[in-house]
Amino acid sequence: MKIIKVDTTSSTNALAATMVTEGEEMPFAVMCREQTAGRGQRGNTWESEPGQNITLSIAYKPKSVSATDQFVISQAVAVAIVETLRHFLPDYTNRIAIKWPNDIYVDSLKICGILIENSLTGSEINRTIIGIGLNVNQTEFLSPAPNPVSMRMLTGRIFDIDEITQYLCSVLGRFAANLVSPPRRPRLRGRYFSMLWHSTGYHPYIDVASGQRFLGRISNIASSGLITLTEPSGNQHTYAFKEVQAVLE
């Protein structure tokens with residue numbers, strides 16, 4: 001995959017979208033040293049010290065992915081990032097997980113955020129922009145985010161950002177080519193579910209609409225991305241993204 005490097009941009013997702021409009025052939029990745037207005041989920045900003053982390057967006061044209069199946073892209077990206085981190089952080093293999101829908105955690109600390117923006121032609125996705133913010137060498141975070149961590153903070157080592165980026169793009173390219181295809185989606189779904197944060201046992205959640213706190217166990221992730229949580233009583237609740245929040249313990 002072609003990787004285009006720039007020194008500074010407001011948002012790599014926005015830059016990648018502009019480059020597609022201007023005729024850049026997909027797939028390609030664009031990464032920057034400094035992102036001045038990086039975006040996270042729920043409209044949050046993404047903090048990244050210049051030159052210390054991976055701020056990367058990949059422009060990709062999926063094959064035969066309908067709007068109703070778009071969560072498969074999120075699954076593939078999250079699984080690929082976990083695989084990459086397990087390669088570079090072998091001592092943390094069993095502690096790296098996907099916090100639904102696609103944040104990447106080490107224990108209860110967030111190491112990577114993902115922002116995926118899809119464009120549609122009719123009922124199918126004609127373009128996806130995959131934004132990835134991976135904390136690599138930063139050791140101090142100034143934003144009010146409650147639980148950031150970096151690879152360096154975990155290990156005390158300084159990592160080669162270009163090496164990690166090349167490896168990640170290679171893994172993402174393989175997953176995009178193979179696992180997003182319909183016959184392979186059940187395998188991808190199984191890998192995603194096996195990597196879920198808090199995949200076993202009961203954990204505290206908050207129903208956003210009511211503000212009610214409850215204990216829930218992840219019992220299903222639908223192909224649409226909806227999560228079903230089961231209470232100890234057996235009552236089940238199904239939520240879309242932003243409708244329920246996990247409580248950090």
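Let's start with the sheet: in this predicted model, 7 strands line up in the order E1-E2-E3-E7-E6-E5-E4, making an open sheet with mixed pairing. Look at the two ends of that order. Strand E1 (2-9) and strand E4 (96-99) are the edge strands, and each has a single partner strand, so one side of each has no neighbour in the sheet. As you step from one strand to the next, the twist averages 20 degrees.

Zoom in on the E4 edge. Strand E5 (residues 103-106) runs antiparallel to E4, and 4 bridges join the two. For a landmark here, find Ala97, which sits opposite Tyr105 in E5.

Now for what packs on the sheet. Helix H1 (residues 12-21) does, touching E1, strand E2 (28-35), strand E3 (54-60), strand E6 (109-121) and strand E7 (124-134). Compare directions and you'll find that H1 makes about 140 degrees with E2.

Next, the empty space inside. There are 2 cavities of 30 Å³ or more in the structure, and the second largest cavity holds about 110 Å³ of space. It's lined by 12 residues, and those closest to its centre are Tyr60, Val77, Ile130, Leu172 and Ala176.

Where does the lining of this second largest cavity come from? E3, helix H2 (71-88) and helix H4 (161-178) each chip in at least two residues, with H4 giving the largest share, 4 residues. As for chemistry, the lining of the second largest cavity breaks down into 11 nonpolar residues and 1 polar one, with no charged residues.

Methods
Residues are numbered from 1 along each chain as its sequence is written. This is a predicted model: local features need pLDDT of at least 70, side-chain atom pairs count only at pLDDT 80 or more; totals for chains, interfaces and linings use all residues. Side-chain values use heavy atoms; hydrogens and water are left out. Two strands pair if DSSP finds at least two bridges between them. Axes are lines fitted to C-alpha atoms, for helices over the stretch in contact, and angles run from 0 to 180 degrees between N-to-C directions. Contact means heavy atoms within 4.5 Å. On a 1 Å grid over the protein atoms alone, a cavity is a set of points where a 1.4 Å probe fits but cannot get out, and a pocket is an open set with protein on both sides within 12 Å along at least five of seven lines; lining residues have an atom within 4 Å of a point. Grid points are joined across faces, edges and corners, and a volume is the space filled by probe spheres set on the points. Ala, Val, Leu, Ile, Met, Phe, Trp, Tyr, Cys and Pro count as nonpolar, Asp, Glu, Lys and Arg as charged, and the others, Gly among them, as polar.
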